[in-house]
Each structure stands twice: as C-alpha cells, then as structure tokens.
Amino acid sequence: MYSICPVVGDTVVQWIDLVPHRQKVLGSISTPVHGGGTFLCGICMFSPCLRGFSPEMGTLPFHLCLEHPLNCLLCLHTESIDWCRRKLKDKLKEKFECVFEGIAKAGNPKTLLNQIYTELYITEGEATEVNQDHEVRQIETASRNPHRPPTTITCTDIFKTPADRHQPIRTVLTKGVAGIGKTVSTQKFSLDWAEDKANQDIHFIFPFTFRELNVLEQKKFSLVELVQHFFTETKEAGIWIFEDHQVVFILDGLDECRPPLDFNNTQILTDVTESSSVDVLLMNLIRGNLLPSARLWITTRPAAANQIPEAFHGMVTEVRGFTDPQKEEYFRKRFTDEEQTNTIISHVKTSRSVHIMCHIPIFCWITATVLENMLKSTERRQLPKTLTQMYIHFLVVQAKLKNVKYDGRSWKDLPWSPETRKMIESLGKLAFEQLKKGNLIFYESDLTECGIDISSASVYSGVFTEVFKEESGLYQDQVFCFIHLSVQEFLAALHVHQTFTNTGVNLPSEQQTSVWSKLSKVKPVQFYQTAVDQALQSPNGHLDLFLRFLLGLSLQTNQSLLHGLVKPTGSSSKTNQKTVEYIKKKISENVSAERSINLFHCLNELEDGSLVDQIQQYLRSGRLSTKKLSPAQWSALAFILLSSEKDLDVFDLKEYCGSEEVLLRLLPVVKASNKALLSGCNLSDRSCEALSSVLRSQSCSLTHLDLSDNDLKDSGVKILSDGLKSPGCRLDTLRSGFNTEHNTSFQCLSTSSTDLQLCSESGTHRLCTLKLSGCLITEEGCSSLVSALQSNPSHLRLLDLSYNHPGWITVMEYPCFQLTSDPPPPFRLDPAGVRWLTPGLRKYFCELTLDPNTANRKLKLSENNKKVERVKEGQSNPYLQDRFKDCEQVMCSTGLTGRCYWEVQWSGWVEISVTYRGIRRKGNSRDSWFGGNDQSWSLWCYGGGYSVCHKNEYTPLPQSSSSSSGTVSVYVDCPAGSVSFYRVSSDKLIHLHTFKTTFTEPLFGGFTLKDTGSTVCLCDV
C-alpha cells in the first residue's frame, strides 16, 4: 500500500511515495484523489512507474478517469512519443506535400512535390572556403563540367555513414547557389520521413529556416522552448527530454542568418532548459554542447559556407543542380502535352545562355512559365532567345496574371495599368538599393529605407506572387525577398534603365545629368560604357548579370515588349553599335579571361555575334591553326569552347598556339577541362601565377596538368606550390617531366616536366606519386614543394626528381618525403647534377651519326657521317639489306631512348623524320617513304614553308619561310610518346608541330632528300 499525496485541481498528475528503485505515478485524472491503493497499468499490467519526470513538466496528454485502469508512465511516455510523431508527421506532410514553384501563396495552383521532384546531384565536397564568384559564374562553371564524381548522395541518404568512415555523421553542411534546390531537398527529406518512406529510425525532424529565426533576434529561449514554439505538438505531448531519441534539426539558409555567429566568443550552454539568445542556442547546438546526440542538416549558399568552422561539421556536400538529361526530365514532368514539351526542350537547347541557366531548377520553372504561356499565342521563331527577353516575358506574364486574377481584365489587355507600373517601379527601386548592399532578404526596416511601407509590400507579394514573396515567421513577422537573385538583378537593371531614360540620372555612378531631351547623342553611349567599366571593376563579377540585363534593355526590340512600361529611347541603333565596339575594345585589352567571357554574354544580349561567328567559321573549315588571331579572337575562341555542348575533357594548347599569351586568354578553358596539356610552351612565372590561381579555385576541374619541358625553375615551382597548398586543389597528377609509369588505378593530371600524382581515397586526394623530372629544380625549389606537401599531407608511393640538381641532403630529411612501405618504393634521383640545369631542350642533346649502310645510292655522306647530300649520279655502294633501294633516304645509326634532342641544318627540299627500324627498304610505295605509313613521322622542309606527314596524311603548317634553307630541331620523348619539331631562329625554338602516339618499337632518326642538291647536316650543340 502506498501513501498518496493528493493534489487538488483539474487534469493534474498525482505523485506517490517512492518504493525501492522505482517512482510511482497515478496519471492524469479529472478529480482529486483522496486515499490510496495499488494500481496496475492497463497496457503493460505492471505497477505504474515514473522515470525522470517532475511536477514542473506540466500535464500529460492523456486524461484518464478513475473508472479506467491507469497506465504506467513508461507506457504513457511511449504513447505520448507516438502521438507526437503522428502529429508532427501530419504537420510536415501538410506543409511539404505541395510545392509552389514560384512562391507559396494562398490561391496559387499547387504541384505535388513527389510528382515534380527530380533527383538532384548532391556530392560530397572537400572544403568550405568562400567562393566569392558571382553565383551565375558558378552556375556556368558547373554546367560546363558534366563529369560527375563516381558517387552521389540522395537526400534520403544524407546522414548515411560512408563505408570509409568509422564514426556516424552528426552535422552535414550542404552548399549550393540560390535556386539550385537546397530547400526542396530538405523538404523532400522531411516529406519522405513523414510519409513513412524513409529514415524511420528518426523519431523527430524539426525543420527551421534562418528567415524565421532572424525575427527572434531580440528574444530569448531555451532550446526546449524554441522547439515547442515552432512545433507545439512537443509541448502538448509534454516532451522535453530528447537525449534518448533520434532527433534531426534542419537549419535551412545559413547565408540568410543575420545575427553574427561567433564560434570563438560565445557562451557555453549544455542545459536544454537554459534560456539564451537564438544565435547562442544555434552555436551550442552546432558545436554539440546541446543535444550532442542530435543530427543537423545545414544548408547555405557558397559564400557563407565558412561561417561554421570545419571542426563542427562532419561532412560538406554540394547540390550541383540539373544535368542536361535532368533538365529534360523536369520539363517532361512539368507538362503532359508531349508535343509542347518537345518544343520547349528544343528551344531551350537553341539558346546556350538559357540552356546554361536551366542548370538551376528555379530557372527551369521560369522558362516553363514563360514558354507555356507564349506557345498558346506565339510563333516559335518569336520565342525568347536571350536572358533579357526571357525575364521581360516572365514579367509580362506575371502582370497579365495579376490583371486577370485581381482586376477582372482580359489576358489580351495591355498588362501595364497605373497600379502595376507603380508596383514595378517600387520593386525595382527596392531591388537596386538592396542589391548595392548585397541584401537578398528584406525586413520592415529595409523596406522603409526604400519608401515602401509594410502593408504595400504585402500587397505586392500578394499580387506579384511569383516575383516577390512574403514569408511569415514566428509571431507573424514578415520577411520579403525576390524568388531568385536573377529576378532581383533584372528588376534593378530595369529601374536603372527607366531612371536614366526618364530623368538622365545615372544611378550606378550616382552622377546627375540633364534631362533626356537636353542630352547630346553621345551621352547614352557614355551611360552604357560607364556601366561596362563598373562591371569590369566590380569584385568577382557581382555586376555581371546586372550588366547583361541593362544592355539587353537598350535594344528597341526588347523595349517594344515592355511598351506601356518603358519609355522608348529613340535612335538606339547607333548607341548599340558604339556599345558593341566599346565591348570589343575591352575584350582586346588586358581584362581577365573570366570577365571577357561575360563581355561575350553581353554581346549576345546586344544580338552581336560577329566575333564568335568568325572563329566558328575558322573551326568549321579547319583553318584555325593557320590564322593569326587577335587577342579578342582568342577570347572568342575561349567563349566558344566554354559554350560548347561537348565535354571539356582534354585541352591541348599546342592545337591552337603554344604561347603564354594564348594560354592566358584561354585560362577559363584550362580551369574547366579535366586535362590540360601545356608542355613545351615557353611558360614563365606569369603562367605559373595564373595556373596557381586556377588550382586554388573551387571551380577548377583540373585533374591532370602537363607542364613538361617548360623551364619552371625554382621560382615557378614556388608559385605553383602555393596552388598545391590549397584544400580545394583537385590535382591527381602534376607532371613536369619524365614519366615512365602508367597505373590505371590513378586518375592522371599531366603538367609536363613535373608529375604530382594524387589518388582519390574516400573523397580526399592524397599525393601518391611525385615526379619533378627535368624542371631545373635546385634545393630551393625542393623546399617550396616540401612546404606545400606538408600543408596538404601526402602518402608518396613514388618520388622522381631525376634530371634536376636538388642537392644531396634535402630530399629524405623531410617527414613528408618518408617512403614508409616495405619494401620502399622507387626513389628516383639520377641522373642529377648541374648539367641538368641547362635551360630548354638542349640539355637532352644526343649526338647522332648517319648510318652509311642505310643510305640510298644517290645520297653522299661526308664530315664523318654528319652530313648528307643528294647527288645526280648513284654511288657505287654495295647492296645491303638495310639500304633504301628506291627511296632517297638514310637513317641514323643509333636508336633513341628516353628523351633525345638534335638539330639539323637543311637546304633544298628535305624530310626530317623519326621511324621504326622495321620500315620497308625496297620499293617506291608509301610503305617505304618516311611519313607515308604508321611507322614513321615526318616534317617536310622546303622553300615555301613546312608540312607534316604521318600515315600518308599531309598537313601544311602556318609557319612560312621564304628561304630554301634553315635549321630545325627534333625532340623525342619516347616514354611519353611524343615527337616535336621546332624551327631554330637566333637560338630560339619556335614550335612547329607535335605528334602524340604510343611507341611500340625503338626509334631512329631519318632523312629524305627530295631534290638533287638538297643537303642535311647534323649540328653540334
């Protein structure tokens, strides 16, 4: 018998005395209990027990009458957990089962999330370094690289522990540009749980957005109170202890967090009932001080990813957006009419800029909204082809929807009523003013600064529901934003354009000018030129898209689409032409390669494709390598290559022009490629600085960089080492020299003459092979590399420092160079010494002599078999099996191995070749002539210039010569499978051509003398 402590009141918990090791509770009753007795639980038939509860908890959600058996607290607690889960799941299902692709607003047509959801690529990232590039640049970069990592993560498996990890993942940080699908991914995760489809081991999912949390900035909560305020089900169920349950917190939109998150100077909280500010709660939750057993999924745009220190997130992931097949999948799910769908997909592919932007799901929705409406009444040839046209039509569609829905007007009526114009003017001003500040989320104070009261803003968001949206946080505080950054930039550009057209005020430069009617004809030109200059000066391209829209709005054809909203600017054709010429001038100047790419997008918006069309003609005709291109034309080539639908797998600079100037113009192509072949291109420290910047870039796709046969020296290696230190460096192989190994388990990135090979293990790159053969490296250069490798720890399997002069005390003394496997892997240092510090290819010079036993009888050898001349009468040489019987050819006596270099003086008409020994010696067919078969590679030298020939395929070279004599050199890298020919001019090597293959037999030098009197002489170096 237990003594009962009666408590008077309605719906109370009765407490009883303790029995050994067990506390008792009677449960919730409707009337006071007086007296005592023994009660059994009606569910588990055990005596009622209390575990960890106190009177301060409040009441349980179960109101039990004295006429019914009482349930023990363990059973009541289990029932309360189940009841709360059911309620929470119902709430999340109601909230997330429908998605509003523009803005969630009452009355908008709903789309089932499960119906429209297209699986996104979520990939494991490697760093949370800030990516300062404009997000449109990041979108363009991602769209150029269709090569995905071998494994991706579905949103359902976001917390699944990878096979290579031993500890479960507590915190996942997911980054991605605005509109890429981060929020939708978290909603899909929550919906699948709520619908019992996945992750049923999780007891509770609590999704928060930083937009909602921002409005609580001045208030204090405990973690329990914060959860109970947003999710009242937990309060009703009396749940306040979460340690024994699997809980997931979703914190969506870290980039929108306004309270500063200072992890170094923050109050430490470990009690979930202790009150503090919201930012302190969040930081302690993220640090693991509060609820260390809970899991967290945090989403953010890339620029804010570093707000959370690396120590506090278990895994970084990135939402990559739609691939090309996923774009099609989205449109096919969006529309049921197959013909309409095919038309939309086909049209999107015709506009490269639109196709690129469709990499982000929200732009697919914008495109679908526009084209769906236009196809009802517009011919296909009139569909929008530029971004400006797409956003103009999007605004027109929204204005018409507003007229029909709220004003009772017809769809065919002009969309711009006085009220609509006022709304757009106000939204444009807000867009521009907040864009200058970098704000994408607006609160009442931000609106007040722009002269918009909160009631007007709510009206705007209610009318233009798919342009400007309002979200109600806790306590009904309003938060506003545009549906996407690009919409804000378009409206900002429209506001600047209208302001200048109507008043002559140049808002971006804050310069006051006279009224439009008093302006001279040149002043509009100055307006656009100023905008171009300011965009070029803006950090990291933050005005790139704004400039595209502003220039696109200058076209009369685009202004006509906004008739009634935008005042025509008059004779704009001359203005546009001068703007086009100004942009081309800027492209020709020393602007960064990335900025020049955006200038080509600007030319597209101005409907000028002359530069691009010219280069495309060269490419189609195969005459690009024969043309001397201007700087602007090289930039046009970069734009074409980056805009191409073809994968940028291998970029070989020598296919275009092996020079440093061209490399710097084509640097964005290098960054977007998997392999960059830059060997023997006379690169200097200037190129090393550019490449180091590429390696540090988060958007760099390089895995193979070949810099061999460039005199990098210690200074260049030091500069490259800065890039190799970067956590974002993805190089698998940096090759700067001699490579005789091939291991298919490694992904290779070749940078000739230096070979840094990294193998990918568990999503991270480890340096496995380091080859720095023939890079003019001394002890100083080795020290720079050691520093880089210590910053980015490596597990070397092979170290090759041959053909350098590193000194004898440096290499094995450094911890990162310890080769720990047993037996130790190869360590290559020989050949080494001062002689390998000779600049250029001459350090590989090999002394060759002609083999008289192979010489055709019309060839006369002299000067100790160093010189050969074709004579009219045949020599009385005995017939030998190795002698060329019908072809006027001769071979060298010594085979070629490793790296070999030699120089030849020639006159007349000759062929300089390398060949297998087994080439046919009899007959006058292509099987016997050098260059006429697959066993030899030839350079033709004659009075008109040079040509190359292999497999009887003859290719003239752009290098011309008016002389009938000259000096050429040959460089053979047998292991690398390359034969390069150069013209020697005043001790300078000018690249002519490189053959690339795989050699299967020993090679020999060979010569053909086409005309009587022609000569060849092997030179001493």
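Here a trainee and a mentor talk through a predicted model, from its cores and charged pairs to its cysteines, loops and strands.

Trainee: Let's start inside. How many residues does the largest nonpolar core have?
Mentor: Good place to begin! Phe331, Phe363, Phe482, Leu491, Leu666 and Leu678 are the residues with the most contacts inside this core. Counting its members gives the size of the largest nonpolar core: 143 residues.

Trainee: And how many residues are in the second, separate core?
Mentor: Among its members are Phe159, Val172, Phe208 and Cys257. This second core stands apart from the largest one, and its size is 67 residues.

Trainee: Which side chain of opposite charge is nearest to Arg595?
Mentor: Arg595 sits in helix α22, which spans residues 593-605. Arg595 is buried and has no salt bridge. A salt bridge needs a nitrogen and a carboxyl oxygen within 4 Å, and the nearest candidate is 4.7 Å away: Asp544.

Trainee: Then which residue's backbone oxygen lies 2.7 Å from a polar atom of the Arg595 side chain?
Mentor: Here the partner is a backbone atom, while the nearest side chain of opposite charge is that of Asp544. At 2.7 Å from a polar atom of the Arg595 side chain lies the backbone oxygen of Ser538.

Trainee: How many salt bridges does the structure hold?
Mentor: One of them joins Lys436 to Glu433, at 3.5 Å from N to O. Another joins Lys585 to Glu589, at 2.8 Å. The total for the structure is 24.

Trainee: In which helix do Lys436 and Glu433 both lie?
Mentor: The two residues are 3 apart, about one turn of the helix. In general, an α-helix has 3.6 residues a turn, so residues three or four places apart point the same way. Lys436 is partly exposed at 47%, and Glu433 is partly exposed at 23%. Their shared helix, covering residues 418-437, is α14.

Trainee: Which residues are linked with Lys585 in a network of salt bridges?
Mentor: The Lys585 side chain meets that of Glu589 at 2.8 Å. Lys585 is partly exposed, with a relative accessible area of 46%, and Glu589 is partly exposed at 29%. The residues linked with Lys585 in the network are Asp533, Lys586 and Glu589.

Trainee: How many residues apart in sequence are the parts tied together by Arg842 and Glu903?
Mentor: Their side chains meet in a salt bridge of 2.8 Å, N to O. Arg842 lies in the loop between β24 and β25, and Glu903 lies in strand β28, so the pair ties together parts whose separation in sequence is 61 residues.

Trainee: Of that pair, is Glu903 buried or exposed?
Mentor: Its partner Arg842 is partly exposed, with a relative accessible area of 23%. Being buried takes a value under 20%. Glu903 has 7% relative accessibility, so Glu903 counts as buried.

Trainee: How far from Cys681 is the nearest cysteine sulfur?
Mentor: The count of disulfides comes to 0. Cys681 is buried, at 1% relative accessibility. A disulfide needs two sulfur atoms within 2.5 Å, whereas the sulfur of Cys657 is away from that of Cys681 by 8.6 Å.

Trainee: Which loop holds Lys951?
Mentor: Lys951 is not a glycine, and its phi is positive, near 55 degrees. Glu863 also has a positive phi, about 50 degrees, without being a glycine, and sits in the loop between β25 and β26. As for Lys951, its place is the loop between β31 and β32.

Trainee: How many residues of helix α8 are buried?
Mentor: The buried ones include Val278, Asp279, Leu282 and Asn284. Just after α8, Gly288 takes a positive phi of about 95 degrees. The helix is largely enclosed by the rest of the structure, because the buried share of its residues is 9 of the 10.

Trainee: Last one! In β37, which residue is the bridge partner of Gln905?
Mentor: Strand β28 is mostly covered, with 8 of its 9 residues buried. β28 runs antiparallel to β33, joined by 9 bridges, and there Arg899 stands opposite Asp973. β28 also runs antiparallel to β37, joined by 4 bridges. In β37, Gln905 is paired with Cys1017.

Notes
Residues are numbered from 1 along each chain as its sequence is written. This is a predicted model: local features need pLDDT of at least 70, side-chain atom pairs count only at pLDDT 80 or more; totals for chains, interfaces and linings use all residues. Side-chain values use heavy atoms; hydrogens and water are left out. A nonpolar core is a set of buried Ala, Val, Leu, Ile, Met, Phe, Trp, Tyr and Cys residues joined through side-chain atoms within 4.5 Å. Buried means under 20% relative accessible area, exposed over 50%, partly exposed in between (1.4 Å probe, protein chains only). Lys and Arg count as positive and Asp and Glu as negative; His and the chain ends are not counted. A polar contact is a pair of N or O atoms within 3.5 Å; within protein, one must be able to donate a hydrogen and the other to accept it, and residues adjacent in sequence count only if both atoms are side-chain atoms. Two strands pair if DSSP finds at least two bridges between them.
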